[in-house]
Amino acid sequence: MKKSIAAFTLTVISIACLLSIALFGIRAWKIPGVFDEDGIRLGLDLAGGSAIVYEADINRTPSSAEINTAVAMIRGRLDMLNYTEATVTSGGTNQIIVEIPGISDPEEAVRMLGANAVLEFRDSDGNLVLEGSDIANAVPDYGDIGGGYNEWFISLRLNPAAVAKWADATREAARRPEGENYIAIFMDDSELMRPRVQQEINSDTCTITGGYDRASAEYWAGLISAGQLPFALKDVQLTATGPALGEKSIQTSLFAGLIGVILIMLFMIVYYRIPGLIASISLVAYIGIVGIVLVLTQVNLSLPGIAGIILSMGMAVDANVIIFERIKEELRSGKSVRLSIKGGFRRALTAILDSNITTLMVAAVLWYFGTGPIVGFAVVWFIGVIVSMFTAITITRWLLHQLVGMNIKNAKLYGI
């Protein structure tokens, strides 16, 4: 009994510490809290950001297909940089409007995005070898490329029409002496990198190595991909936008959320008694874990993301309701509290797994195929569902078993 009391107390204290870390962070370890400036990354509708109006820099009116291609490429660039809440829309016949949350300096946003740049590949003599239109895509990859160990690199794929030009350029570069055997990659006349060429490359794929880690490989691959635009873009208007909701609205939303959580806890405790108290403790653990995950992953949180949190919180409570109802059924059949808890979890597990796995599949589809706010909603929803399933299956079960070990076995205290 003493061991169960100690284990229960330690678990509750740990959950309280978890919530404290989520709210206030750990200064010594430089882990920010959710309300710190560098805590959760807020979306444009909550924290404001930068708005950029791009215009096609060509001597003709671009086609709608070209505009759509440019919009899709800029959208992919933003997603790669984890600005999933940014919006990219076409305006008029030759303009593209980009709104990026969390960046108060529009010029910094332009530099980060690199959407107005023109990509060029040049040899050591400065001769143009390839243009951005010759590149099909550039993606970060990880594996063994001949050195006997795995490393991060950039996988470059060319359009079929550029293969012959690339073969001639790499053959010539490989013949040059050390220090001149390279093909440099430029964006808007600014050199990005200078990879060496070791041999002729007569195919539509090649790799760029350079001791990259995952973040740098993603960054440089995204920057090269930005140069695939069908035409150059020039920024014609830069503005800093304020939050659409404002601090007061955020505080009101948090206050409303707190009231909702308290009402849920009161209902669970009144209706399910001891199990309801355990569900409330698990809900506190859920809030703490989700807060820490959002801080560490730096996922943009906006109104759709908040909706994802609320939805997954409802699923966390729903999982506990399923478990407690199964436990009550076991108690009504005359079983002991210990056996009822064990049987209730066993019977509820299938329903919980089925509902959560199908929900995760839907969230994954939205995450993969969605854009902008849809991706933000899907990511937060996905995280919330996993955490809710964890708290219901592990924390709630652990705490209930500790209560039984403390000789709290009166069936009336378990909702009967």
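This tour moves through a predicted model, going from its confidence values to a sheet, the helix on that sheet, a loop and a long stretch of helix.

Begin by colouring the protein by confidence: the average pLDDT is 82, and 92% of the residues score at least 70. Helix α2, residues 44-47, has the lowest confidence with a mean of 71, whereas α5 has the highest, at 92.

Next, select the open sheet of 4 strands, in which the order is β5-β4-β8-β9 and the pairing is antiparallel. Its edges are formed by β5, residues 128-131, and β9, residues 190-193, each of which pairs on one side only. On average, and with direction ignored, neighbouring strands of this sheet are turned by 35° against each other.

Staying at one edge, select residues 183-187, which make up β8, and look at how this strand pairs with β9 in the antiparallel sense over 3 bridges. Here Met 187 has Ser 190, in β9, as its bridge partner.

Now add helix α5, residues 163-175, which packs on the sheet, where it touches β4 (119-123), β5 and β8, and whose direction makes about 140° with that of β5. The 13 residues of α5 should span 18 Å at 1.5 Å a residue, and this agrees with the 19 Å that separate its end C-alpha atoms. Which residues of α5 are buried? They are Val 163, Trp 166, Ala 167, Ala 169, Thr 170 and Ala 173, and what covers them includes β4, β5, β7 (150-158), β8 and β10 (205-212).

From α5, follow the chain into the loop that leads to β8, where Asn 181 is placed. Is Asn 181 buried or exposed? Asn 181 counts as buried, because its relative accessibility is 9%, under the 20% cut-off. Apart from neighbours within four places in sequence, Asn 181 is in contact with Ala 173, Arg 176, Pro 195, Arg 196 and Val 197.

Finally, select residues 337-369, the 33 residues of helix α10, which reaches 47 Å from its first C-alpha to its last, close to the 48 Å expected at 1.5 Å a residue. Pause at Ala 348, where α10 bends by about 35°; Ala 348 is also one of the buried residues of this helix, which include Val 337, Phe 345, Ile 352, Asn 356 and Leu 360. To see what the buried residues of α10 pack against, show α9 (303-332) and α11 (373-405) beside them.

Conventions: Residues numbered from 1 in each chain as written. Predicted model: local features only at pLDDT ≥ 70, side-chain atom pairs only at ≥ 80, totals over all residues. Heavy atoms only, no water. Pairing = 2+ DSSP bridges. Helix = DSSP H or I, 4+ residues; strand = E, 2+ residues; numbered from the N terminus. Axes fitted to C-alpha atoms, helices over the stretch in contact; angles between N-to-C directions. Contact = heavy atoms within 4.5 Å. pLDDT = per-residue confidence, 0-100. Expected span 1.5 Å × (residues − 1). Bend = angle between axes of the 7 residues up to and from the residue. Buried < 20%, exposed > 50% of the residue type's maximum accessible area, 1.4 Å probe, protein only.
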